[in-house]
Amino acid sequence: MKYVVTYNDRAFIKKIVFQNGIVLDVFPEVQEILYMQRQTSSRLTEAGGMLLGYENACTGNFTISGATEPQVEDIRSRVSLLLGKQHQELLKSLKSPYGYIGTWHTHPSKIPIPSFVDIQDWKKSIIKNSNSTSALIFIIAGTEAFRVWLCDSTRGILIEGKEL
């Protein structure tokens with residue numbers, strides 16, 4: 001089942017819930033980045049970055065308080081993206097408890113569907129992240145809405161979230 005998160009009410013924190021009970025807060029600044037980077041014309045290339053925030057150790061819930069924006073060194077085409085090392089450099093400036101909790105990117109469709117490449121990339125990210133957080137968050141921003149997935153670090157399963 002596809003759950004979409006709308007771009008309306010971007011001035012407020014959006015709450016996303018997953019079937020395993022985890023709740024994700026997405027701050028307005030992050031929603032605005034997703035909205036502004038949408039591929040709304042055929043000349044726009046895929047954009048993306050890292051999701052920044054933290055996992056609450058007591059509740060297991062996540063907060064996305066920031067995101068890296070497209071950087072000069074990113075390699076971008078209409079349907080592909082390779083993040084440049086500038087994103088990693090930005091991570092070094094974060095102070096605890098904030099850190100890397102996932103990635104976001106755009107698709108040139110109204111309601112995005114993850115590609116095989118997306119899912120393979122997410123699985124690789126989980127393996128690299130195995131000691132950092134209990135899960136990673138992945139967002140794909142379409143032109144009319146975005147979708148959010150949580151990937152459990154221990155079991156490697158993807159769970160799609162829905163807006164509360």
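What share of the contacts in the chain with a separation of 6 or more is accounted for by residues 24 or more positions apart? Keep that question in mind as you show the whole chain, which is a predicted model; the share is 63%.

**Whole chain.** Switch to a cartoon view and follow the chain from its N terminus, where you can look for 3 helices and 12 strands in total. Turn the C-alpha trace along its principal axes, and you will find that it spans about 45 × 35 × 30 Å. A compact globule of 164 residues would have a radius of gyration near 15 Å, and because the chain has 15 Å, the two agree.

**Surface and charges.** Next, display the accessible surface, which comes to about 8700 Å², with 55% of it belonging to carbon and sulfur atoms. Buried residues, by contrast with that outer surface, make up 45% of the 164 residues. If you then colour the charged residues, you will be looking at 18 positive and 16 negative charges, whose mean positions lie 4 Å apart.

**One residue.** Now select Thr143, and look for it in the loop between strand 9 (135-141) and strand 10 (145-152). Is Thr143 buried or exposed? Its relative accessibility is 17%, and because buried means under 20%, Thr143 counts as buried.

To see what surrounds Thr143, leave aside residues up to four places away in sequence and select the others that it touches: Tyr7, Arg38, Gln39, Thr40, His107, Pro108, Ser109 and Lys110. Showing these residues as sticks together with Thr143 lets you inspect each of these contacts in turn.

Note on methods: Residues are numbered from 1 along each chain as its sequence is written. This is a predicted model: local features need pLDDT of at least 70, side-chain atom pairs count only at pLDDT 80 or more; totals for chains, interfaces and linings use all residues. Side-chain values use heavy atoms; hydrogens and water are left out. Helices (H or I, at least four residues) and strands (E, at least two) are DSSP runs, numbered from the N terminus. Buried means under 20% relative accessible area, exposed over 50%, partly exposed in between (1.4 Å probe, protein chains only). Contact means heavy atoms within 4.5 Å. The radius of gyration is taken over C-alpha atoms; the globule rule is 2.2 Å times the number of residues to the power 0.38. Accessible areas come from the Shrake-Rupley method with a 1.4 Å probe; for residues, only the protein chains shown count as cover. Lys and Arg count as positive and Asp and Glu as negative; His and the chain ends are not counted. The place of a charge is taken as NZ of Lys, CZ of Arg, CG of Asp or CD of Glu.
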